[in-house]
Amino acid sequence: ISAREKIPLHTRSEAEFPVVLQELPGVDSVANHPFISAGYILKLMDSGAALAAIAHSRHECVTVLLDKVCFHTPIRVGDLCTVRAGVTYTSNRSMEVVCQVWKSPSGIVGGLTGNVTEPLCAVEARFVFVALDTNGKVIPVPQLPFDERTNRWDIAATKHEERVAERSRSDRQQ
C-alpha cells in the first residue's frame, strides 16, 4: 500500500487504533461558522495521539513533530468527531502515531433528521513523540512488537530515515 492510499476504518484492526476519543464540537469551537476550526481539531488529535504514545511507552510523552496533516472534508458544528490513534512505528527514541478524525455528519446517529450516514475520514496526520523520564530527559521507547506492525510500518520507517537525514543536513549547514 502506498502512502497515499487509505484503508477504510472498518477494515482496520482494533490493535492498529487502540485509542478512541469522541467529541461533539459546539459553537465555541468554530472559526468560520458553521465549520470547526483547524486548531480545535489539531488539539483533539494531539490529545488522542499523546494517549497512544503514553500507553505504548508507559511514560510521559511530548510531541516533537506534526507531519503531513490532511484535511479531507470540513467538520461542521453538530458532527460527531471520533478520534482514533495508534503507534505505527518506533525507533530507539521516538514513536510515530497515526491519528485520524472521523466525522458522523449531523451529530449522533443522524441527528434530528434520522438520516444515518457512514462516518467519513475528515482529517489525518502523523505525530512523532518522545518519552521522558521523571527528570524530563528523553529515554528509549519500547519497540513495537513484530506482530503489531502493520503495512504502515514500512512507510513510517522511510519517513523516519528522511527526517534523520534532513536533520543531519541541517546540522552540517549550521
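**Entry 1. β7 and β8**

I began with the end of β7, where this strand pairs with strand β8 (residues 138-139) in the antiparallel sense over two bridges. The model I am reading is a predicted one. Within this pairing, Ala-131 stands opposite Ile-139 in β8. I then looked at the connection and found that β7 and β8 form a hairpin with five residues between them. Gly-136 lies in the turn and has a positive phi of about 80 degrees.

**Entry 2. Other partners of β7**

I looked up what else pairs with β7. β4 and β7 run antiparallel and are joined by nine bridges. As one example I noted Asp-67, whose bridge partner in β7 is Arg-126. β6 and β7 also run antiparallel, with nine bridges joining them. Here I noted Met-95, which stands opposite Phe-129 in β7.

How many of the residues of β7 are buried? I found 12 of 13, so I put the strand down as mostly covered, taking buried as under 20% relative accessible area.

**Entry 3. Val-128**

I picked Val-128 as a residue to follow; its place is in strand β7, which covers residues 120-132. Is Val-128 buried or exposed? Its relative accessibility is 6%, so I recorded Val-128 as buried.

I listed its contacts, leaving aside neighbours within four places in sequence. Val-128 is in contact with Val-62, Thr-63, Val-64, Leu-65, Ser-94, Met-95 and Arg-163. For Val-62 I also took the C-alpha separation from Val-128, which is 8.5 Å, although their positions lie 66 residues apart along the chain.

**Entry 4. Aromatic rings**

I searched for aromatic pairs and the count came to one. The pair is Phe-127 and Phe-129, with ring centres 6.2 Å apart and planes at 25 degrees. Planes under 30 degrees apart count as stacked, so I entered this pair as stacked.

I checked the cover on both rings' residues. Phe-127 is buried at 2% relative accessibility, and Phe-129 is buried with a relative accessible area of 1%.

**Entry 5. The nonpolar core**

Phe-129 came up again when I turned to the largest nonpolar core, which has 28 residues. The residues with the most contacts inside this core are Ile-41, Met-45, Ile-75, Met-95, Val-97, Val-101 and Phe-129. The elements giving two or more residues to the core are α1, β5 (80-90), β6 (95-104) and β7. Which element gives the largest share of this core? α1 does, with seven residues.

I followed Ile-41 from that list. Leaving aside its neighbours within four places in sequence, Ile-41 is in contact with Ile-36, Ile-75, Cys-81, Val-101 and Val-123.

**Entry 6. Helix α1**

I went through the covered positions of α1. Its buried residues are Ile-41, Leu-44, Met-45, Gly-48, Ala-49, Ala-50, Ala-52, Ala-53, His-56 and Ser-57. I reminded myself that an α-helix has 3.6 residues a turn, so residues three or four places apart point the same way. The buried residues of α1 pack against β1 (19-23), β3 (35-36), β4, β5, β6 and β7.

I also checked the length of α1. At 1.5 Å a residue, its 20 residues should span 28 Å, and the end C-alpha atoms are 28 Å apart, so the two values agree.

**Entry 7. Positive phi outside glycine**

Just after α1 I came to Arg-58, which has a positive phi of about 65 degrees although Arg-58 is not a glycine. Arg-58 is in the loop between α1 (38-57) and β4 (60-71). I recorded Arg-58 as exposed because its relative accessibility is 69%.

Lys-68 is another non-glycine residue with a positive phi, of about 55 degrees. Its place is in strand β4. Lys-68 is partly exposed, with a relative accessible area of 47%.

**Entry 8. The chain as a whole**

I finished with the chain totals. The protein chain has two helices and eight strands, and read along the sequence they follow the pattern β-β-β-α-β-β-β-β-β-α. Of its 174 residues, 40% are buried. I took the contacts with a separation of 6 or more and found that residues 24 or more positions apart account for 76% of them. The protein chain exposes about 10,100 Å², and carbon and sulfur atoms supply 53% of that area.

Terms used:
Residues are numbered from 1 along each chain as its sequence is written. This is a predicted model: local features need pLDDT of at least 70, side-chain atom pairs count only at pLDDT 80 or more; totals for chains, interfaces and linings use all residues. Side-chain values use heavy atoms; hydrogens and water are left out. Helices (H or I, at least four residues) and strands (E, at least two) are DSSP runs, numbered from the N terminus. Buried means under 20% relative accessible area, exposed over 50%, partly exposed in between (1.4 Å probe, protein chains only). Contact means heavy atoms within 4.5 Å. Rings of Phe, Tyr and Trp (its six-membered ring) pair if their centres lie within 6.5 Å; planes under 30 degrees apart count as stacked, over 60 as edge-to-face and the rest as tilted. A nonpolar core is a set of buried Ala, Val, Leu, Ile, Met, Phe, Trp, Tyr and Cys residues joined through side-chain atoms within 4.5 Å. Two strands pair if DSSP finds at least two bridges between them. The expected span of a helix is 1.5 Å times one less than its number of residues. Accessible areas come from the Shrake-Rupley method with a 1.4 Å probe; for residues, only the protein chains shown count as cover.
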